[in-house]
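User: Hi, could you walk me through this model? I'd like to talk about helix packing, then pockets.

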Amino acid sequence: MNSAQRLFLKNGVGPTTIEQITDGAKVAKGTFYLYFSSKDEVHAALGDRFAEAHLRNIEAAVDEKAPADWRGKLAAWAAAGVDTYLDAIRLHDILFFGSRPPTREGLVENIVIDYLAKLLRAAADAGAWSIDDCRLTAVFLFSGLHAVVDDAYIKEKRVNRARLTQRLERLCFRAVGLMLG
């Protein structure tokens, strides 16, 4: 998978061949086919690996906050999301824009949204905020994070991460009904 990732970043997914992947990994083609049936399958596995790493970064940031610091946890989710996305934006684009999921469910069914929905539900259960639909709010915030990062990435020569994160945090707070102070 590391070989495929390097080649996808260097050449793009389309032009990269399985032979190039196996040569780069110093394994036989048969070894590749023990784990993957196609280049599309390794591409999808890289997307899963990216999402898992993204989630680990978010979990680590959120876990640094005190158990009842729901505002801090939501801010940590936003900051870690911005950083993870910007740090690997080229890889993200290759993995998720090069080929869309085969179904619409693939657009919103992911572990990062699931985690955020659970975080929002836990905070709502603790009385930190009132949300009618935690899953819908999680999808909205996840999609919004991507949109605001994309907008800043396209429009700014150098993204001011601190300013972008602060603005995103404020949007997250508003989405869950927290007053800005």
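User: Thanks! Let's start with α1 and α6: at what angle do their axes cross?

Analyst: Happy to help. Bear in mind that this is a predicted model. The axes of α1 (residues 2–11) and α6 (residues 89–96) cross at roughly 95 degrees and come within 10 Å. Angles from 65 to 115 degrees count as roughly perpendicular, so α1 and α6 are roughly perpendicular to each other.

User: And which residues make that contact?

Analyst: From α1 you have Gln 5, Phe 8 and Leu 9, and from α6 there are Arg 90, Leu 91 and Ile 94. By type, the residues of this α1 and α6 contact are four nonpolar, one polar and one charged.

User: Let me zoom out for a second. How many helices and strands does the chain have?

Analyst: The chain has ten helices and zero strands. Its C-alpha atoms fill a box of roughly 60 × 35 × 30 Å along the principal axes.

User: Back to packing, then. How do α5 and α8 pack, in terms of angle and axis distance?

Analyst: Helix α5 and helix α8 (residues 111–125) pack at about 165 degrees, and their axes are 10 Å apart. An angle over 145 degrees counts as roughly antiparallel, so that is how α5 lies relative to α8. The crossing of α5 and α8 is left-handed.

User: Which side chains should I click on there, I mean which residues of α5 meet α8?

Analyst: On the α5 side, pick Trp 70, Lys 73, Leu 74 and Trp 77; in α8 they meet Val 112, Leu 116, Leu 119, Leu 120, Ala 122 and Ala 123. The α5 and α8 contact divides into nine nonpolar residues, no polar ones and one charged.

User: What about α5 with α9, at what angle do those axes cross?

Analyst: For α5 (residues 70–87) and α9 (residues 134–155), the crossing is at roughly 45 degrees, with the axes coming within 10 Å. That angle makes α5 oblique to α9. The crossing of α5 and α9 is right-handed.

User: Which residues of α5 and α9 meet?

Analyst: α5 brings Leu 74, Trp 77, Ala 78, Gly 81, Val 82, Tyr 85 and Leu 86. Their partners in α9 are Leu 141, Phe 142, Leu 145, His 146, Val 149, Asp 150 and Tyr 153. The contact residues of α5 and α9 divide into eleven nonpolar, two polar and one charged. Leu 74 and Trp 77 of α5 also appear in the list of residues that meet α8.

User: Nice. Switching to pockets: what volume does the second largest one have?

Analyst: The second largest pocket has a volume of about 200 Å³. The lining has 13 residues, and those nearest the pocket centre are Val 148, Asp 151, Arg 163, Leu 164 and Arg 167.

User: Which elements give two or more residues to that lining?

Analyst: Those are α9 and α10 (161–175). Helix α10 gives the most to the lining of the second largest pocket, with seven residues.

User: And how do the lining residues divide by type?

Analyst: In the second largest pocket, the lining has seven charged residues, five nonpolar and one polar.

Methods: Residues numbered from 1 in each chain as written. Predicted model: local features only at pLDDT ≥ 70, side-chain atom pairs only at ≥ 80, totals over all residues. Heavy atoms only, no water. Axes fitted to C-alpha atoms, helices over the stretch in contact; angles between N-to-C directions. Helix = DSSP H or I, 4+ residues; strand = E, 2+ residues; numbered from the N terminus. Parallel < 35°, antiparallel > 145°, perpendicular 65-115°, else oblique. Left-handed = near helix turned anticlockwise from the far one by under 90°. Contact = heavy atoms within 4.5 Å. Nonpolar A, V, L, I, M, F, W, Y, C, P; charged D, E, K, R; others polar. 1 Å grid on protein atoms, 1.4 Å probe; cavity = no way out; pocket = protein on both sides within 12 Å on 5 of 7 lines; lining within 4 Å. Points joined across faces, edges and corners; volume = space filled by probe spheres on them.
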